[in-house]
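Here is a friendly walk through one structure, looking at its empty spaces, its ligand and a couple of backbone oddities. Have a look at the model first, then read on.

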Amino acid sequence: MARAAAGLLAAALLAALPAAGAGSADAERGHALFQQCKRCHQAGAGAEHRIGPHLNDVFGRTAGSLADYRYSAAMKAAGAGGLVWTGATLDAFLADPPALVPHSRMSFSGMAAADDRAALLAWLRGFGGGRSDLPSAEPTATPEEYGLDPAILAIRGDPEYGAYLAGECITCHRADGTVEGIPSITGWPPDDFVIALHAYRQGKRVHPAMQLVAGRLSDEEIAALAAHFQRAEDDP
Amino acid sequence: MNKSNGKGGLSRRGFLASAAAATTALSAPAVLAEGRPRVVVVGGGAGGATAARYIAKDSDDAVDVTLVEPSRAYYTCFFSNLYIGGFREWASLGHSYGALAANHGINVVHDWAVSVDRDKRSVGLAGGGSLAYDRLVLSPGIDFRDGSVPGWDLSQQNRMPHAYKAGSQTQLLRAQIEAMPQGGTYCMVAPPNPFRCPPGPYERISMVAHVLKQSNPTAKILIADPKEKFSKQGLFEDGWQRHYPGMIERVGPDFGGGNVEVRPEAMEVVIDGEATKVDVCNVIPAQQAGRIAALAGITDESGWAPIVPHTMESRADANIHVLGDAALQGDMPKSGFSANSQAKVCAMAVRGALTGSTVFPPRFSNTCWSLIGTDDGVKVGASYEATDEKIAKIDGFISQTGESAELRKATYEESLGWYAAITGDLFG
Ligand SMILES: Cc1cc2nc3c(=O)[nH]c(=O)nc-3n(C[C@H](O)[C@H](O)[C@H](O)COP(=O)(O)OP(=O)(O)OC[C@H]3O[C@@H](n4cnc5c(N)ncnc54)[C@H](O)[C@@H]3O)c2cc1C
């Protein structure tokens, strides 16, 4: 409890000092480092949940507490157990995500350098404190980045076919969404999922096993898989 | 040869096997039990556990699934080499059948299947009694071929372990390696093709070398190999050179590696007429389908059971499906990954035949990781399709020599993820 209160206080103090965010050189570097998160998270005005929850007002947030994002059981349990995001807890989480929250669904192997983490967190603080003048959110990976035809994103997949095709995937990607050496692919927004698989299929993301898997999937099959994996593991 | 009627008939057989089955039949309304098609799966390994789980899970109780497996816990052959190398605890390789029974309503019968009556469609159990089936799935793994290594038979397995079915054999081999005298010799008699896990013997050599390098650096490793070439050969030989220079000697067929006899009493290996005294002798004999497949009369002269690729049905009997190592299927290597992949195709075909559920086009894939040294993982993988003739390879990939240490570490870490994922898919 004391920790939570301290976190809230720190967040409030920092929010009152917006200068600590946007302008400083550290924050500039932090912005660049956010590239590593951008694939999954948005921050800024209009930020939405993508593969991960949006990161506005993350300082002071109880872990796993946004009602409209489907967290893993592990992240919700961490929050219920008292984990609140503060400078210290975020620093520990970014250094080694599974060490702080085992079995979470966040596929990020960690940011080793302490000064990188400090810079990134300094920048993220700029998106806190309920500010109404947030810089607008940068989109996460967009179809344009891979030149994907919007018609492909518009295909509605057949989840029943997706469930069968998924049999191949869950020999490697854990069905319960846990990250362990291989990323988590459950509970993804379909667009992000389709984009990722087309990136492998086109060789724009390089990984021999995934390129082989994606290489023989048709557009319809990718859409079917996206429809299936849109569900989180504990959805009915 | 028995002719099958080709239909998954629902006729009721009078006899019931285990006490568990008997109680269900007595307490449940008989009508209900009669209406549900019955699947019996023999072998609770990579193929059998997957098939049982997928048929039960995806049919929402519409199919009655019984799994026959003698062991209470399944110890995976996959990663058993890592246990020998000290990278894995023994307990981490064991998996119970509890969740299959509790979460998926599978009737798990701990017994041996000893006969198959294809006309009556029933499986006889060692403990007495039998189990009637509409569809039978056999995934019994491998058995060894008698006489393939002169001087060795199963009665010698405690002196010269195979450690090619995981369990006490694996623990015994590790203990023997640890007990080797300084500067002693470990010898592997490698199997001829086809055999379970093509990179398995060579991953084992890497793990034995890893252990000896630390505890017994002057020890020698000798491989007598009847094969010209082996899986991931370039990758293994490159790794052995880097990690264990001068420690490993392989005698291929050109130098008599295929002409081997063992003398368990004297702890000698005779290669091309020349006897060598060794301290540990790991004999991995030639292999064939697990015995029950031959007892069912569905193997051919090769010793393996030919199947129809689209459904994994036996070519000899459409009411029997064969999975994994025991199947003669074409291009897929005999691996846990392959068995799991084949089982999903089989489960879909069985459900389709018995309940009329949708049958999608079959697809198969495999990836095999091997660990050569600490954080030095490699992999090989391929995708496959069903043709009328066989399961045919479409495309594949393999790790390259000269890859960065970082990539090799990531590959090893992937294999840890795969192990967690596939064992969850088998027993979860
Ligand atoms: C050292 C080693 C390393 C390996 N490494 C890998 C790897 O990294 N990746 C990989 O994918 N594969 C690997 N494999 C291969 C993998 O273990 C096998 O290919 C896989 O287990 C085959 O599955 P299966 O279902 O055919 O047989 P199994 O998994 O062997 O299962 C057969 C089961 O049937 C039971 N059984 C047999 N006869 C009867 C009967 N009459 N009645 C009832 N039950 C019966 C047995 O008790 C057993 O539990 C390795 C193998 C070895 C030996």
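## Ground rules

For sorting residues, Ala, Val, Leu, Ile, Met, Phe, Trp, Tyr, Cys and Pro count as nonpolar, Asp, Glu, Lys and Arg as charged, and the others, Gly among them, as polar. This is a predicted model, where local features need pLDDT of at least 70 and side-chain atom pairs count only at pLDDT 80 or more, while totals for chains, interfaces and linings use all residues. Residues are numbered from 1 along each chain as its sequence is written, chains are lettered from A and ligands numbered from 1 in the order in which they are written, and side-chain values use heavy atoms, with hydrogens and water left out.

## Empty space inside

A cavity here is a set of points, on a 1 Å grid over the protein atoms alone, where a 1.4 Å probe fits but cannot get out; its lining residues have an atom within 4 Å of a point. Points are joined across faces, edges and corners, and a volume is the space filled by probe spheres set on them. On that basis there are three cavities of 30 Å³ or more, and the largest holds about 120 Å³.

The largest cavity has 13 lining residues, and A:Gly167, A:Glu168, B:Ser341, B:Lys344 and B:Arg363 lie nearest its centre. By class, the lining splits into four nonpolar, five polar and four charged residues.

## Around the ligand

How many residues surround the ligand? There are 34, counting any with a heavy atom within 4 Å of it, and the closest are B:Glu69, B:Tyr74, B:Ser139, B:Arg196 and B:Asp325. This shell has 17 nonpolar, 11 polar and six charged residues. Both domain 1 (12-143 + 287-427) and domain 2 (148-283) of chain B contribute to the shell, so the ligand lies between them; the bounds come from an automatic or database domain assignment.

Now for polar contacts, meaning pairs of N or O atoms within 3.5 Å. A polar side-chain atom of B:Asp325 is 2.8 Å from a ligand oxygen, and a backbone N or O atom of B:Ala46 sits 3.2 Å from a ligand oxygen. For B:Ser335, a polar backbone atom is 3.4 Å from an oxygen of the ligand.

## Backbone oddities

Most residues other than glycine have a negative phi, and most peptide bonds are trans. B:Asp60, though not a glycine, has a positive phi of about 50°. The peptide bond from B:Asn193 to B:Pro194 is cis, with omega near -10°.

Definitions and conventions: On a 1 Å grid over the protein atoms alone, a cavity is a set of points where a 1.4 Å probe fits but cannot get out, and a pocket is an open set with protein on both sides within 12 Å along at least five of seven lines; lining residues have an atom within 4 Å of a point. A polar contact is a pair of N or O atoms within 3.5 Å; within protein, one must be able to donate a hydrogen and the other to accept it, and residues adjacent in sequence count only if both atoms are side-chain atoms.
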